[in-house]
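Hi,

Here is the structure I promised to pass on. Have a look at it first, and my notes follow straight after.

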Amino acid sequence: MTKLRVVHYLNQFFAGVGGEDRASEPPGIRPGRVGPGQLLERALGDAGEVVATVFCGDDYFSEHEEHAATAVVDLIRRHEPDLVIAGPAFNAGRYGFACGRVCRAVEEALNVPTVTGMHRDNPAVELYRQRLYIVASGLNAISMPATLERMAALGLTRARGQRVGLPEDEGYLARGLRFTEMAGRSAAGRAVDMLLGSMRGEAWQTEWPLPDYDRVPPPSPIKDIGRATIALVTSGGIVPKGNPDRIESTYATKWQKYSLAGVDSLSPDRWQSIHGGYDTTRANEDPNRVLPVDVLRELETEGAIGRLLDTYWVFVGSGASTTNARRFAEEMARELEASSVEGVIFTAT
Amino acid sequence: MRLDLATTVARDARFSEATRLARGVLEIDRDELRTLLLEDPAFEDVTLDIVRPGDSVRIIHVMDAAEPRWKPDPGSTFPTFVGPPRTVGEGTTRRLAGIAVLTVSDAVAGEPTYWREAIVDMVGPGAELTAFGTITNLVLTFRPNPTYLDASRSDAVIENIMVGSSLAQRYNRSVRVAELKAAAYLARAVDAHEPDERRAYELVPPPDRLPRVVYFYQLAGATVYGKAMDGMLPTLIHPNEVLDGAVVNVRSNVHASNRTSTFANQQHGLIEELYARHGRDLDFRGVIVYPAASDDINEKELLAEYAVKLARLLGAEAACASYSGGGHPAVEFMLICRKCERAGIRTVLVMPEIYGTPDDPGFVYFVPEAERIVSTGRTTQLVDLPRVERVIGGEAFFDLPGSPGDAQRLLYRYLLGCGTSAGNGRLTARTY
């Protein structure tokens, strides 16, 4: 059996180039294994060999991220690897970000599987855990041998195209991806086991961990509402009649913006709701009740607000994944900021 | 309250000139049963098919399923649908096991189809997900009377997207009555046979002090003694009543994976499990049923308060709670969890993961007290189903593309009962 070709990525320190004084070292390459590569190769056993070691100074990488990633990928590409192992970076932030960025670039540009290793508190974990396999390491190099063993094992599994098991079995940090499978026992049996176990004071493990959403602090109040530009944003699916941009009624993947220039009120023959999660009968009789253009125009005339922005943003909330919703929010927030609005009225349903 | 389930097992079924059990095989008089079902003018015709595990068959447009039961006087078989309005859950009930009655029909005027498609596969991975793939099924495919297809009728107007038109609601009820009539008819035919098995269900107070457990049962589209729960406060029901035909699923417009069929109520996973451990590991105090989908936050609070109060009246120290699926129902479900935990009642939640992509946390709503959750699977995941030789129920899916007989890659969501929060199935989801 031919050995799998493995390229190892390290920072300047672990590559033996030097310490903090050499952190500005640009990307470079050495044939074969270097430093911890010896442990990696031992862990790979007969299955693989380290054909090259690519390195970069941590400062250099963080200061020239795009350029460094491209340069590292170019160096790696020459060796036609079956697998790329990066780090482990333990709890080192800059090194962690470099390992994550290199792995992402390799997976995207070369379509080669990667594995990196970090301590769970490494700041790079949050950025990369969902798209990469990050083996959980200790805080420092004391855990190097054990970490590289797990990285090698997981790397071989990935390079062979085999199914990757549960994070607790394989030793990687959970990516947060939920997959359906068959349990050994009915849900009812598992539920009563869990209940009785916890009543007896035994440890239990939920099958579905609660999410950890970030909290958004409310902004300070608008100083002069009578002069403020106010925008409307809705998750209620109000679109021009006929839904010209085909926004999905549920599980939406996109948002849209439409002009309200010259519109004093939303007439049912020109506007409609395409939302798939509530009864839209009333909304279609009077779309203003979901997107209150009529009232905002009145307030504009009364001088209660400065003006209503002539653009509104719309998406459909029903079943939209939080990943998509987060992207919608970021994209729409950028546009709202660029429109220099001072306030947004967000109508849900 | 003691229920004796006297079970006769049918190891197969076939059509014959009389309805009877012959050496363990259920013989069905097709003409007699058709005549019985066509008593209801709602139907122009009905087709009967017998399908078995391993048959290369896919059944689509499934509405509900039931297990054959017969409960002679002074009992009542499926009260208010077949028998008179009497309390069930005590006395003897004849049960014919090994066979289910499946009802199938195209949609009628004003019947929404977004949540209506439900598939039962008799072969391949779909067949392993629920009981229907492992037992014989008598499939009743109804053709509605043309008046039910007349969209110009005033009663064909959709009331709301959950229940559709009043015409569609009447038709759904007709299909249930027919299904339960067939179930009663089949079980009655084995009434004279010595049962293969007898099992008593009785909540005898345990001699020792054991954790007192209640079950919060969120109903969506199901009726209790024929009555819809919508707008009602939570109420108490004996678990025997659920197992004995008091809870019937009347709405077909519910995601198939989450749909708790009448069959799944008759063999309710959580109730059976709590019963099995009653007197040994726990003291099962009762079932609190409550409606899903009130859309007013004050009503949700009140509903949760009331349900938890009932649990306290029962002396509950622990609870299982199941979630019917959907957006609004998630809120009152989670509020019950919160109020239970705050009242010192430890809860385990049983719920399907109905929203999102793999990277989505998947909750419509949650409370931090929801620390113990059993997942019945992320039903938005794709599953591969094989090509089949025969499709029962129609030429085309409601909303899915392609020909139903072809190999399919579709969401678990479309497979009847695979993720029901009654806990009957083995699906789960894990974090990778």
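In β9(B), the residue standing opposite B:T7 is B:R95. That pair belongs to a run of seven bridges between β1(B) and strand β9 (residues 91–97) of chain B, and the two strands run parallel. I should say right away that this is a predicted model: local features need pLDDT of at least 70, side-chain atom pairs count only at pLDDT 80 or more, and totals for chains, interfaces and linings use all residues. Residues are numbered from 1 along each chain as its sequence is written, while chains are lettered from A and ligands numbered from 1 in the order in which they are written.

Two bits of bookkeeping on the names: helices (H or I, at least four residues) and strands (E, at least two) are DSSP runs, numbered from the N terminus. Strands count as paired if DSSP finds at least two bridges between them.

Back to that sheet in chain B. Strand β1 (residues 2–9) of chain B also has a partner in β15(B), through six bridges, and here the strands run antiparallel. Two of the pairs are easy to look up: B:L5 has B:R199 as its bridge partner, and B:L3 stands opposite B:Y201. The whole thing is an open sheet of four strands with mixed pairing, in the order β8-β9-β1-β15 (chain B). Its edge strands, β8 (69–70) and β15 (197–202) of chain B, each pair on one side only. As a general reminder, side chains in a regular strand alternate between the two faces of the sheet.

After β15, have a look at B:L210, which sits in the loop between β15 and β16 (212–219) of chain B. Is B:L210 buried, exposed or partly exposed? It is partly exposed, because 19 other C-beta atoms lie within 10 Å; the scale is buried at 20 or more other C-beta atoms within 10 Å of a residue's own, exposed at 12 or fewer, and partly exposed in between, with C-beta atoms placed from the backbone. Leaving aside neighbours within four places in sequence, B:L210 is in contact with B:D281, B:L282 and B:D283 (contact means C-beta atoms, placed from the backbone, within 7 Å).

Further along chain B, strand β23 (residues 346–353) is mostly covered, with seven of its eight residues buried. β23(B) has parallel neighbours: strand β22 (residues 318–322) of chain B joins it by five bridges, and strand β24 (residues 373–378) of chain B by four. For the β22 side, try B:C320, whose bridge partner is B:V348; for the β24 side, B:L349 is partnered by B:I373. There is also a right-handed β-α-β unit here, made of β22(B), helix α7 (residues 328–342) of chain B and β23(B). Right-handed means that, with the strands pointing away from the viewer, the path from the first strand over the helix to the second runs clockwise.

Now chain A. Its domain assignment gives domain 1 (4–170) and domain 2 (225–347), with bounds that come from an automatic or database assignment. The C-alpha centres of the two domains of chain A lie 46 Å apart.

Helix α1 (residues 37–44) of chain A has A:G37, A:L40, A:A43 and A:L44 as its buried residues. They line one face of the helix, because seen down the axis of α1(A) they fall within an arc of 120° (the arc is that of the directions from the helix axis to the C-beta atoms). Their cover includes β1 (4–11), β3 (48–56), β4 (83–86) and α6 (144–159) of chain A. Right after α1(A) comes A:G45, with a positive phi near 60°.

A:G32 lies in the loop between β2 (28–31) and α1 of chain A. It counts as partly exposed because it has 13 C-beta neighbours inside 10 Å. Beyond residues up to four places away in sequence, A:G32 touches A:V50, A:V51 and A:A52. A:G32 and A:V50 are 18 residues apart in sequence but 5.5 Å apart in space, C-alpha to C-alpha.

Last, the contact between the chains: 39 residues from chain A and 51 residues from chain B take part. On the chain A side, α8(A) gives the most, with eleven residues. A strand pairing crosses over too, as five bridges join β7(A) to strand β28 (residues 427–431) of chain B, running antiparallel. Within β28(B), B:T428 is the residue opposite A:E181.

Cheers

Definitions and conventions:
Two residues are in contact if their C-beta atoms, placed from the backbone, lie within 7 Å.
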